[in-house]
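I opened a new model today and kept notes as I went. The entries follow the order in which I looked things up.

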Amino acid sequence: MRRTVIVGDIHGCFDELLELLEKVDLRPDDLLVSVGDLVDRGPAPGEVVSLFRERPNSVVVMGNHERKHVRGIFSYAQEITRLQLGDHYAETVHWMRTLPYYFENEHVRVVHAAMLPGISPADQKEEILCGSTGGQRELTALFPDGHWHDHYTDAKPVVFGHHVTGREPMIRDGRIFGLDTGACHGWNLTALCVPGFTVHSVRAHADHWSIAKRRWQLPVLKTRPWRDLTWPELTETIVRFSATSDAAVRGWLETVERWAADLRSSLPALVTAAYRVADELTTDELRRHPAARYLFQARNGRLDQTSLARRCSTPGGTIDLAASLGLVLPGPPG
Ligand SMILES: [Mn+2]
């Protein structure tokens with residue numbers, strides 16, 4: 001008989017997903033449903049997404065993590081995923097935009113995070129269904145003393161993820177099924193098979209999120225907009241990451257620190273270059289020059305480091321001004 005196999009938060013744990021699908025003996029005509037959160041934190045988001053996209057009879061419900069990518073809300077986990085997916089990132093996010101916020105058949109309802117009792121899924125707010133920050137806030141206000149599922153009295157069973165329930169799924173009254181068993185944190189990946197309502201789990205191979213957080217620190221740091229940070233922001237970023245990083249990351253940050261110091265100490269050379277250029281050009285040429293304001297100050301003998309410093313409030317500003325004066329300063333370390 002055709003089953004519906006619903007899998008909890010996968011978060012890029014592809015090997016565990018394959019093991020789980022083997023354990024439940026997934027057959028081609030079974031419907032495979034993800035509660036959402038295919039990506040972020042784990043090692044292989046691209047493989048997980050591909051499996052669901054390429055397998056016929058597969059459904060993915062929008063999780064709050066997909067929604068973050070769709071809406072461009074980036075924290076560290078999303079920056080890592082963007083690097084993991086590389087050239088496929090934009091196209092994958094485009095696909096995420098098409099995901100439904102719930103799934104329902106004759107046996108169950110599936111949402112990522114929550115739903116309000118007594119209201120059909122089609123009439124619920126997307127924020128509540130997928131567990132966005134705003135949706136979470138609303139739920140807390142509605143149910144200050146407990147969980148939304150304490151109040152779920154509808155006859156049809158509801159299946160969801162989003163909140164890690166521990167190593168074991170949360171099952172109540174044969175109607176409430178919380179399937180997020182923390183696969184990306186080294187716990188379990190869990191599936192519910194319907195209509196038999198049998199539960200299956202496999203153990204995660206590692207605490208993937210802890211590993212990813214360390215492993216991707218340097219690549220993510222390198223994507224920071226170093227050129228456009230102000231000097232205080234740049235110093236603050238270096239201090240913040242030096243405190244928590246391994247030797248390779250600290251070494252790279254020291255290179256950034258030297259680069260920034262060299263740029264800042266080039267101010268006297270920029271002043272000298274501005275006086276030279278101001279001497280060489282005609283008044284008309286000065287007017288058309290990108291650094292015209294400073295060149296006129298130089299021509300009037302009023303240019304000093306203090307007036308240039310404002311224009312050079314970022315590495316990029318310094319490099320661009322230098323280039324316009326014929327000086328080549330290096331870009332951020334690779
Ligand atoms: Mn999740």
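**Cores**

I started with the largest nonpolar core, in what is a predicted model. This core has 54 residues. I noted the members with the most contacts inside it: I6, V61, V110, V111, L129 and V159. Next I asked which strand gives the most to this core. It is β9, residues 188-194, with four residues.

I then looked up a second core, which lies apart from the largest one. This other core has 16 residues, and V271, L321, A322 and L325 are among them. I wrote down a general point beside this: in soluble globular proteins, nonpolar side chains tend to be buried together.

**Contacts of I6**

I picked I6 for a closer look and left aside its neighbours within four places in sequence. I6 is in contact with V33, V35, V110 and V159, among others. The rest of its list is L179, A191, L192 and V194.

**Domains and overall form**

I checked the domain assignment, which gives domain 1 as 4-211 and domain 2 as 217-324. How far apart are the C-alpha centres of the two domains? They lie 46 Å apart.

I looked up the extent of the C-alpha trace along its principal axes and found about 85 × 40 × 40 Å. The radius of gyration is 27 Å, whereas a compact globule of 334 residues would have one near 20 Å. I counted secondary structure too: the protein has 16 helices and ten strands. Buried residues make up 37% of the 334 residues. Among contacts with a separation of 6 or more, 64% join residues 24 or more positions apart.

**Helix α3**

I turned to α3, residues 64-71, and asked whether this helix is mostly covered or mostly open. Helix α3 is mostly covered, with six of its eight residues buried. I listed the buried ones as N64, H65, E66, R67, K68 and H69. What covers them includes α4 (76-85), α5 (89-96) and α6 (126-130). After α3 comes G72, and I noted its positive phi, near 70°.

**Helices α12 and α14**

My last entry is a helix pair. Helix α12 (residues 267-280) packs against helix α14 (residues 292-299) at an angle of about 80°, and their axes are 8 Å apart. Angles of 65 to 115 degrees count as roughly perpendicular, so α12 is roughly perpendicular to α14. Which residues meet here? From α12 I found A274, Y275, V277 and A278. They meet Y294, L295, A298 and R299 in α14.

Terms used: Residues numbered from 1 in each chain as written. Domains from an automatic or database assignment. Core = buried A, V, L, I, M, F, W, Y, C linked by C-beta atoms within 7 Å. Buried ≥ 20, exposed ≤ 12 C-beta atoms within 10 Å, placed from the backbone. Helix = DSSP H or I, 4+ residues; strand = E, 2+ residues; numbered from the N terminus. Contact = placed C-beta atoms within 7 Å. Rg over C-alpha atoms; globule rule 2.2 N^0.38 Å. Axes fitted to C-alpha atoms, helices over the stretch in contact; angles between N-to-C directions. Parallel < 35°, antiparallel > 145°, perpendicular 65-115°, else oblique.
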